[in-house]
Amino acid sequence: MAKADAAKQEWDIKVFITFYKFSVTEEMKSKTVIITGGTTGIGKATAIKFAENGYNVVVTSRDSRKETALKNEFKAKGLEVDFKVLDVRDEEQVQAVIQETVAKYGKLDVMVNNSGISLGNAVLAETESDDLKQMLDTNVMGVYYGMKYAIKEMLKTNGGAIVNLASIAGLNGLYATAQYCATKHAVVGLTKGAAIDYAQQGIRINAVAPGAIKTDILQNAIDAGTYDVSGIEAIHPMNRLGKVEDIANGIFFLASAENEFITGTILNIDGGYNAR
Ligand SMILES: NC(=O)c1ccc[n+]([C@@H]2O[C@H](COP(=O)([O-])OP(=O)(O)OC[C@H]3O[C@@H](n4cnc5c(N)ncnc54)[C@H](OP(=O)(O)O)[C@@H]3O)[C@@H](O)[C@H]2O)c1
């Protein structure tokens with residue numbers, strides 16, 4: 001090989017190594033969040049909020065067909081999003097998504113356990129037992145798995161924040177909603193208990209308790225005739241439904257390292273519902 005060619009090859013290698021080191025360290029330096037069920041509603045608004053603030057954002061859904069539309073929506077906003085298929089009822093899948101995220105980005109800073117379902121609103125004796133089993137699987141076991149495997153990774157870096165989605169139904173009884181209330185009370189219990197477990201290990205664990213927010217989960221109840229919109233608005237002293245951005249802002253606040261003394265908090269974002 002001619003001397004000039006060898007020198008050029010050496011230069012190309014140096015440039016490549018420098019660029020590679022720079023890109024890896026830049027990636028490792030930035031923060032990473034996983035948001036389960038983040039292609040719709042509160043989860044999507046939360047994903048946008050974190051992406052706008054420079055996070056590596058990993059959003060999950062059970063449906064792989066949602067990936068392209070989600071990525072295009074983010075791209076149109078000048079944002080990026082990573083996508084993983086995940087059913088939170090499957091413990092091994094939850095573990096794998098968290099481990100793959102850490103392998104790619106170096107660490108997990110924030111875990112938002114957002115996936116949740118609301119089935120069969122009825123007074124208790126008229127409810128279907130299977131609806132409760134399904135909600136326990138998704139709303140409770142899914143959150144538990146997300147916490148468990150996120151904590152295992154966060155312990156390796158001595159830090160992180162977990163934000164769970166509770167509800168006003170996790171702090172109160174609501175008419176014809178006892179099953180859902182039970183699952184969201186369990187989320188409050190998991191949040192407070194684990195916050196104490198890891199309070200001295202740099203892992204903060206909090207939850208938001210939204211009032212009624214205009215998303216698919218609520219729209220289904222409205223469509224089923226369980227509630228009318230003005231009735232739901234009226235249960236909030238502000239006399240309106242919440243916006244998904246209201247909840248995304250609260251989740252971001254709880255996750256922010258600035259708020260390092262906040263753990264075990266259930267943040268009401270409910271237009272005054274719990275002030276009555
Ligand atoms: N909207 C409200 O008024 C309100 C009030 C209080 C609390 N919350 C809570 O806020 C959270 C977000 O709800 P939302 O209102 O934004 O409703 P949503 O738009 O229906 O979002 C729920 C998400 O959960 C995901 N999901 C459901 N089952 C899943 C499973 N087995 N595995 C993985 N993901 C699953 C869905 O994702 P895929 O279908 O793509 O898998 C969906 O994106 C829920 O935990 C809900 O209980 C909502």
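Helices and strands here are DSSP runs, with at least four residues for a helix and at least two for a strand, numbered from the N terminus. The model is predicted.

**Exercise 1. The whole chain**

Task: State how many helices and strands the protein chain has, and what share of its residues counts as buried.

Solution:
- Step 1. Count the elements. The protein chain has 9 helices and 7 strands.
- Step 2. Turn to burial. Of its 276 residues, 39% count as buried.
- Step 3. Look at the contacts with a separation of 6 or more. Residues 24 or more positions apart account for 73% of them.

**Exercise 2. The core**

Task: Find which residues touch the most other members of the largest nonpolar core.

Solution:
- Step 1. Take the core as a set. It holds 62 residues.
- Step 2. Pick out those that touch the most other members. They are Val33, Ile34, Val57, Ala150, Val163, Val208 and Ile247.
- Step 3. Ask which element gives the largest share. Helix α5, residues 129-157, supplies 8 residues.
- Step 4. Zoom in on Ala150. Leave aside neighbours within four places in sequence. Ala150 is then in contact with Ile98, Leu108, Met111, Gly160 and Ile162.

**Exercise 3. Two helices side by side**

Task: Decide whether α5 and α6 are roughly parallel or roughly antiparallel.

Solution:
- Step 1. Read the geometry. Helix α6 spans residues 178-197, and its axis lies 9 Å from that of α5. The packing angle is about 15 degrees.
- Step 2. Apply the cut-off. Angles under 35 degrees count as roughly parallel, so α5 is roughly parallel to α6.
- Step 3. Add the handedness. The crossing of α5 past α6 is right-handed.
- Step 4. List some contact residues. On α5 they include Leu132, Met135, Leu136 and Val143. On α6 they include Tyr180, Val187 and Leu190.
- Step 5. Sort the residues of this contact by kind. There are 12 nonpolar, 3 polar and 2 charged.

**Exercise 4. Two asparagines with positive phi**

Task: Say where Asn158 sits and where Asn239 sits. Then decide whether Asn158 is buried or exposed, and do likewise for Asn239.

Solution:
- Step 1. Check the backbone of Asn158. Its phi is near 55 degrees, a positive value in a residue other than glycine. Asn239 also has a phi near 55 degrees.
- Step 2. Place them. Asn158 is in the loop between α5 and β5 (160-165). Asn239 is in the loop between α8 (229-234) and α9 (244-255).
- Step 3. Recall the cut-off. A residue is exposed if 12 or fewer other C-beta atoms lie within 10 Å of its own.
- Step 4. Apply it. Asn158 has 9 such atoms within 10 Å, so Asn158 is exposed. Asn239 has 11, so Asn239 is exposed.

Notes
Residues are numbered from 1 along each chain as its sequence is written. This is a predicted model: local features need pLDDT of at least 70, side-chain atom pairs count only at pLDDT 80 or more; totals for chains, interfaces and linings use all residues. A nonpolar core is a set of buried Ala, Val, Leu, Ile, Met, Phe, Trp, Tyr and Cys residues joined through C-beta atoms within 7 Å. A residue is buried if 20 or more other C-beta atoms lie within 10 Å of its own, exposed if 12 or fewer, and partly exposed in between; C-beta atoms are placed from the backbone. Two residues are in contact if their C-beta atoms, placed from the backbone, lie within 7 Å. Axes are lines fitted to C-alpha atoms, for helices over the stretch in contact, and angles run from 0 to 180 degrees between N-to-C directions. Angles under 35 degrees count as roughly parallel, over 145 as roughly antiparallel, 65 to 115 as roughly perpendicular and the rest as oblique. A crossing is left-handed if the near helix is turned anticlockwise from the far one by less than a right angle, and right-handed if clockwise. Ala, Val, Leu, Ile, Met, Phe, Trp, Tyr, Cys and Pro count as nonpolar, Asp, Glu, Lys and Arg as charged, and the others, Gly among them, as polar.
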